[in-house]
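Here are my notes on this one, point by point. Have the model open beside you while you read.

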Amino acid sequence: FGKSWRAASPRGHNETHVSQVIDSLEEARAAAGRQAWRAAYAAFGGVESTELSAADFENYGEAAWWSGKIDEAIRHRERAYAAYTALGDTLGAARMALSLCWDNEGKGSFAVAHGWFATAERLLADAPEAPEHGRLLLIKALTAMMAEGDLDASATLFDEAYELAKRVGDRDVQMLSLSGKGRA
């Protein structure tokens, strides 16, 4: 029994499991880094949630979203929000609150979306100018345009979002602002 028993011992199994978890986590992070969302989603699925960082939960949420799993994306983003909050990362928490606002609005959960928006607004109130402020302005502009029908206000907010995004180097918000203003 000697060698074969030791090879099959829980310790050996545990070492193999830890190695597989590390490999899956590295694979998930690499896939998320190249925006291969389906591969990232599959790889994150093989990792225990206790092994995931705030950024991992954020990427897992993004991967779930791009894989068409909206409810799961929301759960991962909520965990990312909690993890960023625990770390004292205001911008990370605000970014997740804005994503959760968008996700819930898309589902028609307007009260929940408004709560996440208010959370993001509170978190960003005293924070130095950052890309998250541009995203906040985008949501305000879209709300003015779609919910309130105030096209002039939305155009002004899209302009503000564009200028802020230009200052902080957020090309996504710049392009979304131009597109939104054209629609307004």
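**Notes on an all-helix model**

1. On the other side of helix α7 from its buried residues, Phe110, Ala111, His114 and Arg122 are exposed. Exposed is over 50% relative accessible area, buried is under 20%, and partly exposed is in between (1.4 Å probe, protein chains only). The buried set in α7 is Ala113, Trp116, Phe117, Thr119, Ala120, Leu123 and Leu124. They cover an arc of only 160° around the axis, which puts them on the same side of α7; the arc is that of the directions from the helix axis to the C-beta atoms. An α-helix has 3.6 residues a turn, so residues three or four places apart point the same way.

2. Some ground rules before going on. This is a predicted model, in which local features need pLDDT of at least 70 and side-chain atom pairs count only at pLDDT 80 or more, while totals for chains, interfaces and linings use all residues. Residues are numbered from 1 along each chain as its sequence is written, and side-chain values use heavy atoms, with hydrogens and water left out.

3. Overall, the protein has 10 helices and 0 strands. Helices (H or I, at least four residues) and strands (E, at least two) are DSSP runs, numbered from the N terminus. Of the 184 residues, 40% count as buried. Among contacts with a separation of 6 or more, 45% join residues 24 or more positions apart; contact means heavy atoms within 4.5 Å.

4. Back to α7, residues 110–124. At 1.5 Å a residue, its 15 residues should span 21 Å, and the end C-alpha atoms are indeed 21 Å apart. The expected span is 1.5 Å times one less than the number of residues. What do the buried residues of α7 pack against? Their partners are α5 (70–87), α6 (90–106) and α8 (131–147).

5. α6 is a different case to look at. 12 of its 17 residues are buried, so α6 is largely enclosed by the rest of the structure. That buried list includes Arg95, Asp103 and Asn104 alongside Met96, Leu98 and Leu100. The buried residues of α6 pack against α4, α5, α7 and α8. The ends of α6 agree with expectation too: 24 Å between end C-alpha atoms, against 24 Å at 1.5 Å a residue.

6. α8 has 17 residues and reaches 24 Å from its first C-alpha to its last, close to the 24 Å expected. Among its buried residues are Glu132, His133, Leu136, Ile139 and Met145. These buried residues of α8 pack against α6, α7, α9 (151–168) and α10. After α8 comes Gly149, whose phi is positive, near 70°.

7. Now the core. A nonpolar core is a set of buried Ala, Val, Leu, Ile, Met, Phe, Trp, Tyr and Cys residues joined through side-chain atoms within 4.5 Å. Which of the 37 residues in the largest one touch the most other members? They are Ala40, Phe44, Leu52 and Tyr81. Two or more residues each come from α2 (10–33), α3 (37–44), α4 (54–66), α5, α6, α7 and α8, and the largest share, 7 residues, is from α6. Leaving aside neighbours within four places in sequence, Ala40 is in contact with Ala28, Ala31, Ala32 and Ala63. Apart from this core lies another, of 11 residues, among them Ala141, Phe158, Ala161 and Val173.

8. Worth a look: the largest pocket, with about 940 Å³ of space. On a 1 Å grid over the protein atoms alone, a pocket is an open set of points where a 1.4 Å probe fits, with protein on both sides within 12 Å along at least five of seven lines; lining residues have an atom within 4 Å of a point. Grid points are joined across faces, edges and corners, and the volume is the space filled by probe spheres set on the points. Of the 27 lining residues, Glu62, Ser99, Trp102, Arg135 and Leu176 lie nearest the centre. α2, α4, α6, α8 and α10 (171–183) each supply at least two residues of the lining.

9. Last, a loop residue to check. Gln35, between α2 and α3, has phi near 60°, a positive value in a residue other than glycine. Gln35 is exposed, at 58% relative accessible area.
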